[in-house]
Amino acid sequence: MSWALPWVEMPSVSFHVTISGKTDADGFQYTGGSSQETRIVDINSDTTMEYMTIHSNSAGSYNHLNANGHKLVIGEGVNCTTKKANAYFTLAGGGYGTAADTASTDLTVRSGKWRTIYVGGYLADVTGQAKADISGCWVYQNIAPSYRGSLGSVDLKVSNTTVNSAVAGSAIYAGLSEIKATAAIAGDVTITLGENVSATVI
């Protein structure tokens, strides 16, 4: 599949969707629009992606793949590639915009390269628990609760993963020297680090 549309909405269905390539080279490439607000792929059903290539063909640095509160599993064998260096998808368990709030999130990642992983939404709030189990991937910037959204609580597990910057529990960082925003988290924040995690924890 090749998408040049500025904002891609995956279909909303009542069953769990699995997207898998016959080979690791199968998958989709996404170009999107001229700004990050027009470079968005929205997941609208519980979904598993595995054994496929996700290619960002955009010339911009920020591209977004949002689960919108649906259960999203990035399984084994996902290969992420880019046109622009390190312009991998930012992965979020919640929604992108301020009107895309969700009750909870459930994100599992077992492969791939990502720019940032947000347990909750990007700008959107999560009223309940934001949950993520991350292992076996590489993250260019950070793993964090949200960019600017609030959350009810956070349960984050990370293992066998390299994070170039930080695993954050509250402050949202674009880099270790620049605090971008602080997520308001009403309840507990639980971060469990397993073996082979390369990151700064804040």
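**Exercise 1. Where is Ala 87 found relative to strand E10 and E11, and what surrounds it?**

First, the ground rules. This is a predicted model, in which local features need pLDDT of at least 70 and side-chain atom pairs count only at pLDDT 80 or more, while totals for chains, interfaces and linings use all residues. Residues are numbered from 1 along each chain as its sequence is written, and side-chain values use heavy atoms, with hydrogens and water left out.

Step 1: Find the element. Ala 87 sits in the loop between strand E10 (78-82) and E11. Strands here are DSSP runs (E, at least two residues), numbered from the N terminus.

Step 2: Check the burial. Ala 87 counts as buried because its relative accessibility is 0%, the cut-off for buried being under 20% relative accessible area (1.4 Å probe, protein chains only).

Step 3: List the partners. Setting aside residues up to four places away in sequence, Ala 87 touches Ser 56, Gly 60, Ser 61, Asn 63, Thr 82 and Arg 115; contact means heavy atoms within 4.5 Å.

Step 4: Compare sequence with space. Ala 87 and Lys 113 are 26 residues apart in sequence, and their C-alpha atoms are 9.8 Å apart.

**Exercise 2. Work out how strand E8 is placed between its partners.**

Step 1: Start with pairing. Two strands pair if DSSP finds at least two bridges between them.

Step 2: Take one partner. Strand E5 (residues 40-42) runs parallel to E8, joined by 3 bridges, and Asp 42 stands opposite Asn 66 in E8.

Step 3: Take another partner. E8 and strand E11 (residues 89-92) also run parallel, with 4 bridges between them. Here Asn 66 faces Ala 92 in E11.

Step 4: Look at the faces. In a regular strand the side chains alternate between the two faces of the sheet. In strand E8 (residues 63-66), Asn 63 and Leu 65 on one side and His 64 and Asn 66 on the other are all buried, leaving both faces covered.

**Exercise 3. Trace the open sheet from edge to edge.**

Step 1: Write down the order. The 7 strands run E3-E6-E9-E12-E15-E18-E22, with parallel pairing.

Step 2: Mark the edges. Strand E3 (17-20) and strand E22 (189-193) each pair on one side only.

Step 3: Add the angle. On average, neighbouring strands of this sheet are turned by 5° against each other, direction ignored.

Step 4: Zoom in on one pair. Strand E15 (residues 126-135) and strand E18 (residues 151-159) share 8 bridges in the parallel sense, with Val 126 opposite Leu 151 in E18.

**Exercise 4. Describe the core and the cysteines.**

Step 1: Pick out the core. The largest nonpolar core has 38 residues, and Trp 114 and Ile 117 have the most contacts inside it. Such a core is a set of buried Ala, Val, Leu, Ile, Met, Phe, Trp, Tyr and Cys residues joined through side-chain atoms within 4.5 Å.

Step 2: Follow Ile 117. Leaving aside neighbours within four places in sequence, its contacts include Leu 91, Leu 107, Val 109, Ile 134 and Cys 137.

Step 3: Search for disulfides (cysteine sulfur atoms within 2.5 Å). The whole structure has 0. For Cys 80, the nearest cysteine sulfur is that of Cys 137, 9.0 Å away.

Step 4: Check both for burial. Cys 80 counts as buried because its relative accessibility is 7%, and Cys 137 is buried too, at 6%.

Technical notes:
Axes fitted to C-alpha atoms, helices over the stretch in contact; angles between N-to-C directions. Buried < 20%, exposed > 50% of the residue type's maximum accessible area, 1.4 Å probe, protein only.
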